Amino acid sequence: MNRNILFPQIKGIMHGGDYNPEQWLDRPDILAEDIRLMKKAGINSATLGVFSWSAYEPVEGEFHFDWLVKIIDELYSNGIYTVMATPSGARPAWLDEKYPEAMRVDKRGLRAHHGVRHNHCMSSPAYREKVSVILNRLIEAVGSHPGIIMWHISNEFGGECYCPLCVKRFQNYLADKFDHDIDKLNKSWWTAFWSHNYNDFSQIEPPFEGGEYSIMGLNLEWKRFTTWNMTDYMKHEISIIKKATPDIPVTTNFMQMYYGLDYRVLAKELDVVCWDSYPRLHNDYETLADTMELTAFDNALLRSMKKDKPFMLMESAPGLVNWHQFNKLKRPGIHKLFSLQAVACGSDTVQYFQWRKGRGSYEQYHGAVLDHLGRDDTRIFKEVEELGEILSQLDEVQGSVVNSKAAVIFDWDNWWAIDDMMGLGQSTKKYVETCVEAYRELLHLGIDTDVISSTDDLSGYSLVVAPMLYMLQPGVGKSFTEFVKNGGQLAATYLTGYVDDNTLCFLNGFPGDVLKELFGIVSEEIDTLYPSDRNKVIFAAGSGSVSDDDTRDEDHGSFCAEVRDYAEVLRTDIADSCGLKVLGTYESDYYAGTPAVAVKNYGKGNACYIGARTDSDALRKIFGMLLDKAGVLHRKMPKNTEYHSREYNGRKFGFFLNNSEETVTISGVRGYDILNKFTIDGSLTLGKYGVAIIDEQ
Ligand code: GLA
Ligand code: ZN
């Protein structure tokens, strides 16, 4: 793995956050204090201008950038670099007054009133034009400033628009996609059902409330279109920036598992991927470790969009947020644990929303490094300062990347299609949770896992897990087959390969495409259990390992796994079942004794089919078995701990986290403890929320 430094100007890991001086222009004393305190907290970057349009252009055509230049100068001369946002996250009042088409129309067909943010019609030519004007002026004013090290496009893209402009664009998009052949669309969407054939693309409406919702292909294509249109808009901004400043990297901030946009499509247009992380820490429904593991999954998802470089944690809350249902404070010590987890997962920045709390409006109680209290000896400030000191010591870690041997497949298309399908249990589909669970169990085995698309290149992985891959994109069956043939270990579950990319069911047995041949099974029926129903899978001895003399601490005798929610009835009487090894059978119901989990040797690898939703222990054992077959070292991590590693050119940094209040000991740790400055050879002890970064070279 090559070293890939994002910001050579920054020593250590970048430490910064959103800074809104435009809210304080009448308080030069506060602005001066900001600089002093940023330096004290070890802040080396500030994200400026996320919502500054009305400060730049208070009335149409009148521009004010002097204040901005002054701030960037001031920051720069104090060693603080600028991440320069484009101001299109929110529109000034004059713009909506004069160009109402910029305001979105909702699912009911109602146009929004002026206000709030992130609610523009992405198709509107007037809006795009006004953005071009302000962007060109902004670039002219600050584009060549040496303090600017990145462009941040708009803010947290999201939402949909149902205005006439967007409907027309949708129709054109469909015409292009289906080769201007309406019959092709009718066939792909199975519109003969309920007499829903279209005569012309102009008849097609998006799924308005009170309109068409019964065509799965239409619903899915509307989501794809929304991603396409948002990306098209974003490209409009990027092209203006790249024309003027081609060497400055661009990014836009994603929101973890955001449902509305396929982030991978947007990511292709960006130089660096970043995201805003606001987990519900200390909630009353899961352990801290559960919350942290979910955040690790999110980090992995974002990281895996550009595997050869670090990602950025663009926003996080130093203390609390104000928009969760309950806005609990981060407990002492959590800030460091949470931030270093992001670094462990491959982030080269820790950035906040926000530097200083604003006095009024919607986010006046949102956490910030600086409170209304205005002091630098608050608990939060001191924790940020302590972290700043740690980040400055991680210069050598900068530019290292995570080299995962395992991957979990998660596709947005698949998520939308599963959610929309009429069938199964409406409240128990849990696609995302199922992907997270697979990731978690690999984490419990001490394995770093990427979260990738089914269409990504699989060749670098030893183990690929494809949970509930209901929809198969073209070529995926072939890619899975090649992967296994060449020695890969593949695990798929119930609900694999039911439909093609237009949501049409495969004929002649699920999983479709060529996957029956690969897995050697056909799913004849899927049983949806009521939430309180349970069944079991009985695994034969040896199912949890390759060889009986395996000495790892997993149980390799026969064992039972609990089944809930879904159980497929599998047929193994097809020609391709030859050589199939049944690992587990159902314990009860009319399908008692029939295969539930099976593995087939194919080429140099193995394809394992898990036909039921089993408990996490069983998943871990199956993954352990497949990792053994692949020769990938793994170990059962002590409860509530995480291990991640980053590397480049033969150097390797191991990160150990204790996601609990209890002291834990992890054995087999070797290397130099960078933060505590000593060599360790054996057991590592981590106190409450402890973190160790080990130079493992
Ligand atoms: C998002 C936005 C920020 C701010 C924070 C609050 O991430 O990008 O502008 O509103 O949420 O948590
Ligand atoms: Zn629109």
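**Exercise 1. Charges over rings**

Which residue lies over the face of F559, and at what distance from the ring centre?

*Solution.* The model examined here is a predicted one. In this model, K621 is placed over the face of F559, at 4.2 Å from the ring centre. A further case involves W24: R356 lies over the face of that ring, at 5.7 Å from its centre.

**Exercise 2. A tilted aromatic pair**

Determine how the rings of F170 and F225 are arranged, and where in the chain the two residues belong.

*Solution.* Step one: the search of the whole structure yields 37 aromatic pairs. Among them is the pair of F170 and F225, with 5.3 Å from centre to centre and 55° between the planes. Step two: an angle counts as edge-to-face over 60 degrees and as stacked under 30 degrees, so 55° falls in the remaining class, tilted. Step three: F170 belongs to helix 6 (residues 164-177) and F225 to helix 8; being 55 residues apart, they link distant parts of the chain. Step four: F170 and F225 are both buried.

**Exercise 3. An edge-to-face pair**

Classify the ring pair of Y259 and W415, and establish whether each residue is buried, partly exposed or exposed.

*Solution.* Step one: the ring centres are 4.7 Å apart and the planes stand at 80°, so this pair is edge-to-face. Step two: Y259 is in the loop between strand 6 (253-254) and helix 9 (263-267), whereas W415 is in helix 13 (residues 412-420). The pair thus links distant parts of the chain, 156 residues apart. Step three: W415 has a relative accessible area of 10% and is therefore buried, while Y259, at 28%, counts as partly exposed. Step four: Y259 and W415 both belong to a cluster linked by ring pairs, which also includes F254, Y258, Y263, F410, W412 and Y431.

**Exercise 4. A nonpolar surface patch**

Which residues make the nonpolar surface patch of about 440 Å²?

*Solution.* Step one: the patch is made by W190, F193 and W194. Step two: W190 is located in the loop between helix 7 (182-189) and helix 8 (216-244). Step three: the relative accessible area of W190 is 61%; since exposed means over 50%, W190 is exposed.

**Exercise 5. The span and setting of helix 10**

Compare the expected span of helix 10 (residues 288-303) with the distance between its end C-alpha atoms.

*Solution.* Step one: at 1.5 Å a residue, the 16 residues should span 22 Å. Step two: the end C-alpha atoms are 22 Å apart, which agrees. Step three: 14 of the 16 residues of helix 10 are buried, so the helix is largely enclosed by the rest of the structure.

Conventions. Residues are numbered from 1 along each chain as its sequence is written. Chains are lettered from A and ligands numbered from 1 in the order in which they are written. This is a predicted model: local features need pLDDT of at least 70, side-chain atom pairs count only at pLDDT 80 or more; totals for chains, interfaces and linings use all residues. Side-chain values use heavy atoms; hydrogens and water are left out. Patches are made of residues with over 30% relative accessible area and no salt bridge: like charges are joined within 9 Å, nonpolar side chains (Val, Leu, Ile, Met, Phe, Trp, Tyr) within 5 Å. Accessible areas come from the Shrake-Rupley method with a 1.4 Å probe; for residues, only the protein chains shown count as cover. A salt bridge is a side-chain nitrogen of Lys or Arg within 4 Å of a carboxyl oxygen of Asp or Glu. Helices (H or I, at least four residues) and strands (E, at least two) are DSSP runs, numbered from the N terminus. Buried means under 20% relative accessible area, exposed over 50%, partly exposed in between (1.4 Å probe, protein chains only). Rings of Phe, Tyr and Trp (its six-membered ring) pair if their centres lie within 6.5 Å; planes under 30 degrees apart count as stacked, over 60 as edge-to-face and the rest as tilted. A charge sits over a ring if NZ of Lys or CZ of Arg is within 6 Å of the ring centre and within 35 degrees of the ring normal. The expected span of a helix is 1.5 Å times one less than its number of residues.
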